[in-house]
Every structure is written in structure tokens, then in C-alpha cells.
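I am opening a new page for this structure and will note what I looked up, beginning with one helix and what lies over it.

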Amino acid sequence: MYINDLDLCKYYTGPFDADNWSVPLRAVGWLEHPEPFASGVSPPAFVPKLKTMVKQVRLAYGWHCFRGVHHCSHCTAAGLQSPGPIWSQENIFVPGSCVVYVAPGGIVHYVETHLYLPPPEFIEAVFRCPDFHSKEYRDALCASNGGMKPPL
């Protein structure tokens, strides 16, 4: 499933639909071959933080996994073995400033293997994001959603 970075997420009903949020729900890291994507080197602590977030969301919000599995079309196109099929169902919701970002768990693979470079504002939001199990995370998500309870 391809969604251009920072476009409104309209992936599925419920929490994955921008119409259900008080602020923009922006997609990040929804890549598919042959669509182009920004590339470069991310900050050193970025991948470990993303890995932690994906692991945390699996445990804290497992019911928000998308229904289905995904193979990496960039790996397939390059003749590499995809890390799939079970690798990208988790979706992380990252509070930003008057925006909430949603990224698939496969973003870790894209950054590590394909040198995908997410938008700077997303990277900053990831570094500021509290632990998904914490009250601080729920408070940050609520604040980013214009003070309204998020549809999670």
C-alpha cells in the first residue's frame, strides 16, 4: 500500500482514517515499488527508537495491527528476499505538533535496508515520543489531537 509521505492517511476506517481525527493524520513510510521515496542517512539513534516503538505498539495496541501481511516490493524488485510476510502489520501513531503521524512497522526495514529517510518533522516527533505504555504517551496523543481523545 503506497501513501505519499505526509498525505492524509485514508487507509482504513477507524483510527487509520484522517476523518476520524481532530487534526491531520499524516502517513509516513507507506512505500511501494516503483514509487520514489526520499533516501539518506538517518540519525544514529533513530532505528533503535523505531524498533522499540514497533515492539511497544505490538504489546500495548495489538488490536490496531492491520489485517494482512506485506512483502517488501522494493526487495522483490531488487531480487532480494523480503523480510515478510509477517513483518509490517504493526502501525505506530506518533504525536506531533497539531498533527499525528501513522507509520507501518515496516518503516524500520525501509530505513535500515533501503535507506528510506522519513520527513524531518516525523524524525523529530519519533525522538520526542513517550513510551507507548505510558500515561505520557496517551496525554501526548490527546494533546496532538487538539485536546480530543484519539480514536484508538
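I looked first at what covers the buried residues of H4, and the cover includes helix H1 (46-60), E2, E3 and helix H3 (107-114); contact here means heavy atoms within 4.5 Å. This is a predicted model, in which local features need pLDDT of at least 70, side-chain atom pairs count only at pLDDT 80 or more, and totals for chains, interfaces and linings use all residues. Residues are numbered from 1 along each chain as its sequence is written, and side-chain values use heavy atoms, with hydrogens and water left out. Helices (H or I, at least four residues) and strands (E, at least two) are DSSP runs, numbered from the N terminus.

Which residues of H4 are buried? In helix H4 (residues 120-128) I found Phe122, Ile123, Ala125 and Val126, where buried means under 20% relative accessible area, exposed over 50% and partly exposed in between (1.4 Å probe, protein chains only). They lie on the same side of H4, because they cover an arc of only 165 degrees around the axis, taken from the directions from the helix axis to the C-beta atoms. The face turned away from that buried side carries the exposed Pro120 and Arg128.

I then turned to the sheet, which is open, has three strands in the order E1-E3-E2, and shows mixed pairing; two strands pair if DSSP finds at least two bridges between them. Its edge strands, each pairing on one side only, are E1 (25-27) and E2 (91-95). E1 pairs with E3 (residues 100-104) in the parallel sense over three bridges, and alanine 27 has valine 102 in E3 as its bridge partner.
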